[in-house]
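Colleague: I'd like to learn how to read a contact between two domains. Can you walk me through one?

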Amino acid sequence: MQRYFIKNTQMHDGIIEADSVMHKHISKVMRYTNGTHVICIDEDHNVYDCTIADVTKGVLIKEKHIDENHELDVDVTLVYGLPKGDKFEFVLKKATELGVSRIVPFMCQRSIIRTDAKSLKKKYERYNRIIQEAAEQSEREILPEITELANIKTLHQYLSEVNLVAYEEASRNHEESTFHQALSQLTKSITIIVGPEGGFDESEIEAMETLGIKRCGLGKRILRSETAPLYMLSVIGYERELNNNGIY
C-alpha cells in the first residue's frame, strides 16, 4: 500500500485530513477512489492502516495500528561535504533509502560550491520533500532529519558513540581495518563523515582527530564523493541486519 507521513495535527478522533500535497497525490497522481487502503505514519512513528473516506475532500479513516519496524537498530548520522551540482540531492535520496537517521550538510575547505546557512536554508523545502518521498518509497517509519549547515567548528554537535571520517589516504595506505573494528564496537549510534569532490584537507583531518574521530579507508578503490556515503551505509546495514542475524 502507498505510504504517507502525516503531522499529528492532521488526525483527530481517528479522522485524518490530508494536506495539499498528500491530497493531490491521492486524487490526481494515484487516482484513488473511496474505500482504497493506504498507510499513514504519524510524527510518533505510529503506523496505521487507513481507508480513504472522501477522496474529493481528502478525508481518511484510521482503521488499525500496524506493528512493523523497517529501521536500522542504530542511529546513523551522515556528515556530507557539500558537492557540486545535484549530487547532494542524489545522496539525500539514497541515504534515506539506506536507513540514515540524520544528514548534516558540511562546508569544507575544498567544497567547490560556496554557500552559507541562510542561502542553503531556502532549499530545505525541496530537500525535505526528497527525503519524505524516499522514506515513503522505502517503507520507513522515520523521516531523517536534515540539519543546518555545519563546519569544522560546529562538527562536535553531531558526534556519536562511534565516529569515522572516510579519507582517501587511509585507503591508499591500506587501512581497511578501522571501519570493521568500529562496527564491531557499535551499539547505539555512529557518525560517518565524507568529504566533497576534492576530499578533506589534512588540517581538517587533524582537527577531526582531536575530536576523537578516526580516519578510515573504504577498501582498495578510491570512491567518488557521492558513492562513499552510500557504500558506508550499505556496510552498516549489512552488519546490523544481515551478518548479525546469521543470514550469511
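**Reading a domain interface**

Modeller: Sure. Here the protein splits into domain 1 (3-66) and domain 2 (75-243), with bounds from an automatic or database domain assignment. It's a predicted model, where local features need pLDDT of at least 70 and side-chain atom pairs count only at pLDDT 80 or more, while totals for chains, interfaces and linings use all residues. Numbering runs from 1 along each chain as its sequence is written, and side-chain values use heavy atoms, with hydrogens and water left out.

Colleague: How many residues does each domain bring to the contact?

Modeller: Contact means heavy atoms within 4.5 Å. Domain 1 supplies 7 residues and domain 2 supplies 9.

Colleague: And what area is buried between domain 1 and domain 2?

Modeller: Interface size is often given as the accessible area lost when the parts come together. Buried area is that loss (1.4 Å probe), summed over both parts. Between domain 1 and domain 2 it's about 750 Å², with carbon and sulfur atoms giving 61%. On the domain 1 side, Arg3, Phe5 and His45 lose the most area to domain 2, together 80% of what that side buries.

Colleague: Which residue forms a salt bridge with Glu141?

Modeller: A salt bridge needs a side-chain nitrogen of Lys or Arg within 4 Å of a carboxyl oxygen of Asp or Glu. Arg3 pairs with Glu141 that way, the closest N and O atoms being 3.6 Å apart. The count between domain 1 and domain 2 is 1 salt bridge.

Definitions and conventions: Buried area = accessible area lost by both parts, 1.4 Å probe.
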